[in-house]
Amino acid sequence: MVIKWRNWALPVAVAALVLVTATGCVSTPGAPAAEPSAAPSGARSVARVCAKPPAGPAKAPAGAVPVDPAVVGDLAAKTKGNPPNTTFWLRPGKHRLDPDRYAQVIPKKGDRYLGAPGAVLDGRRKNQYAFGGTARDVTISHLTVQRFVAPSDEGVVNHDSADGWVIEHATIQDNSGAGLMAGARQRLRASCLRDNGQYGMNAYKAKGRISDLVVEGNEIVGNNTGDWERRRKGCGCTGGIKFWAVNGADVRGNWVHDNRGTGLWADTNNNDFRIEKNVLEANDGAALIYETSYNAVIRNNTIRRNNWVEGRREAERGDNFPYSTVYLSESGGEPRIKARTDKIEIYRNVLENNWSGITLWENADRFCNSPANTSSGDCTLLVRDTDRCAEPAIAKAPLYADCRWKTQRVDIHDNRFVLDKSVVKCTVKCDRMAVLANYGTYPDWSPYQGEGVAEAITHKQHNRWHDNVYLGPWQFVAQDPSRVLDFGQWQITPYQQDAGSTLRARDGG
């Protein structure tokens, strides 16, 4: 389930939420966030959680079971010895599990874990997981969980992706793998996901899809300390948060910054996302990737200084692909799939001094049942049986359309795009807005060979920019990477993009 940017590399509302003014790049991976500086115009409020998390209850709530940090394994033992729906209060201090790597806490349905001020659950680089099992409706709050060593793609908190968990006012940091997994109806609020080895959160469920996920008011910083994209080249296995097959998600009011790689990445059959009022900044890669997924609203976000590392690296290698800070890959609106919208709408966002802007991409060779489909084994949400997408049926309706994840019905409007090349420290390839596809060649039975997909994404799939403001020397790419246009060429026939938009090339600085 890895992203492929290019065809020619085959196969390939929280009560205690603290809101402050958004800033520039204020921290580096591995360090706490610094004090925000003055915000530029258009900046949104942001969740500043890691530097000063709110304290938990100083006394045990009525009926709660106290947990003693001086007794190794006390938390797991008391969880096992008490009935469902028990509240556990972790006293101040460093709590430890038994030294066995599988000594994790296995909650019962409705259990609640409340940390006192200074309560820390420490895996000591010995335990793989902190909380696991399949019990529903578990709550973890005001607790720091750190130094667990989950394997890659696995998580420390809610290891088994149980449903209905609430994680709030928590700090999950310095763990291997993912700090947190996700299940259906999960609520992640006002928490700090910091310096975890692979993901801050991996929203993945081995059986079934995740639905009704809320990620609100969190700070997600410095994750992917293990630099997994280098260890597994092209794995697509990192991100501040990675979403897989999530049906219905609200991602709002988060501060996603200084992650090594992508900030937010939705990959493979996600649907019905609202991504709003976030600050996405200073991530090494794209701020947001929406890949082989459907139906989303992306609005009122402040997106700045992203993709400087990865975009620059590819440019220096001579790659002409328009690597962008918001990247839609084989993703679009689909009215036949139930959601709160039937398109992907990107509006009222401020994008400032990123490496390029928005790229809409569709790989002609990537479709259900193609060897070039890096989401191996997955088919579109319109065709559940992968084997149906084969010759000769795939060459005719309805499979000709339905076996593809299409970048279609994307509406980009009322955004502000600012580029000052002296800030980004670039001269070329950092200034592009793009809609394109490759020339289809693979496999030899593909009905999508030739220019058909590139023509469709550029002219026939209702992808539209309009009523935007551009400040700085922006360029535009249409149909293929070699076709670079100025603003006037972008606006006239045959492209007819950005009606009602303005460009002031000298105002980016």
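Trainee: In this predicted model, which residues have the most contacts inside the largest nonpolar core?

Mentor: The model is a prediction, and its largest nonpolar core holds 96 residues. A second core, separate from that one, has 10 residues, including I289, F321, A434 and V477. Within the largest core, the residues with the most contacts are F131, V157, M201, L213, F243 and I358.

Trainee: Which strands stand at the edges of the open sheet, and why is one side of each left without a neighbour?

Mentor: The sheet is built from 11 strands with mixed pairing, in the order β10-β13-β16-β19-β22-β25-β28-β31-β34-β37-β38. A strand with a single partner has one side without a neighbour in the sheet, and this applies to each of the two strands at the edges, namely β10 (155–157) and β38 (484–485).

Trainee: In which sense do β28 and β31 pair, parallel or antiparallel?

Mentor: Strand β28 covers residues 326–329 and strand β31 covers residues 358–362, with 4 bridges between them. Y327 stands opposite T359 in β31. The sense in which β28 and β31 pair is parallel.

Trainee: What angle does the direction of helix α6 make with that of β34?

Mentor: Helix α6, which spans residues 452–460, packs on the sheet and touches β31, β34 (432–437) and β37 (475–479). Its direction, taken against that of β34, makes an angle of about 135°.

Trainee: Does P69 count as buried or exposed, and with which residues is P69 in contact beyond its neighbours within four places in sequence?

Mentor: P69 is found in the loop between β3 (65–67) and α1 (74–81), and because its relative accessibility is 13%, under the 20% cut-off, P69 counts as buried. The C-alpha atoms of P69 and L97 are separated by 9.6 Å, while the two residues are 28 residues apart along the chain. Leaving aside neighbours within four places in sequence, P69 is in contact with R91, P92, G93, K94, H95 and R96.

Trainee: What parts of the chain does the salt bridge between D137 and K109 tie together?

Mentor: The closest N and O atoms of D137 and K109 are 3.4 Å apart. D137 counts as partly exposed at 28% relative accessibility, and K109 likewise counts as partly exposed, at 47%. Because D137 lies in one loop and K109 in another, the pair ties together parts that are 28 residues apart in sequence, namely the loop between β7 (119–122) and β8 (139–141) and the loop between β5 (93–96) and β6 (112–115).

Trainee: Which strands hold R299 and E276?

Mentor: The side chains of R299 and E276 meet in a salt bridge of 2.6 Å, N to O, and the pair ties together parts that are 23 residues apart in sequence. R299 counts as buried at 18% relative accessibility, as does E276 at 11%. R299 lies in residues 294–299 and E276 in residues 271–276, which are strands β26 and β23.

Trainee: How many salt bridges does a search of the whole structure find, and which residues are linked in a network of them?

Mentor: One salt bridge joins E314 and R317, with the closest N and O atoms 3.0 Å apart; E314 counts as buried at 12% relative accessibility, whereas R317 is exposed at 52%. The search of the whole structure finds 31 salt bridges, and the residues linked in a network are R189, E216, D250, R252, D272 and R340.

Note on methods: Residues numbered from 1 in each chain as written. Predicted model: local features only at pLDDT ≥ 70, side-chain atom pairs only at ≥ 80, totals over all residues. Heavy atoms only, no water. Core = buried A, V, L, I, M, F, W, Y, C linked by side-chain atoms within 4.5 Å. Buried < 20%, exposed > 50% of the residue type's maximum accessible area, 1.4 Å probe, protein only. Pairing = 2+ DSSP bridges. Contact = heavy atoms within 4.5 Å. Axes fitted to C-alpha atoms, helices over the stretch in contact; angles between N-to-C directions. Salt bridge = Lys/Arg side-chain N within 4 Å of Asp/Glu carboxyl O.
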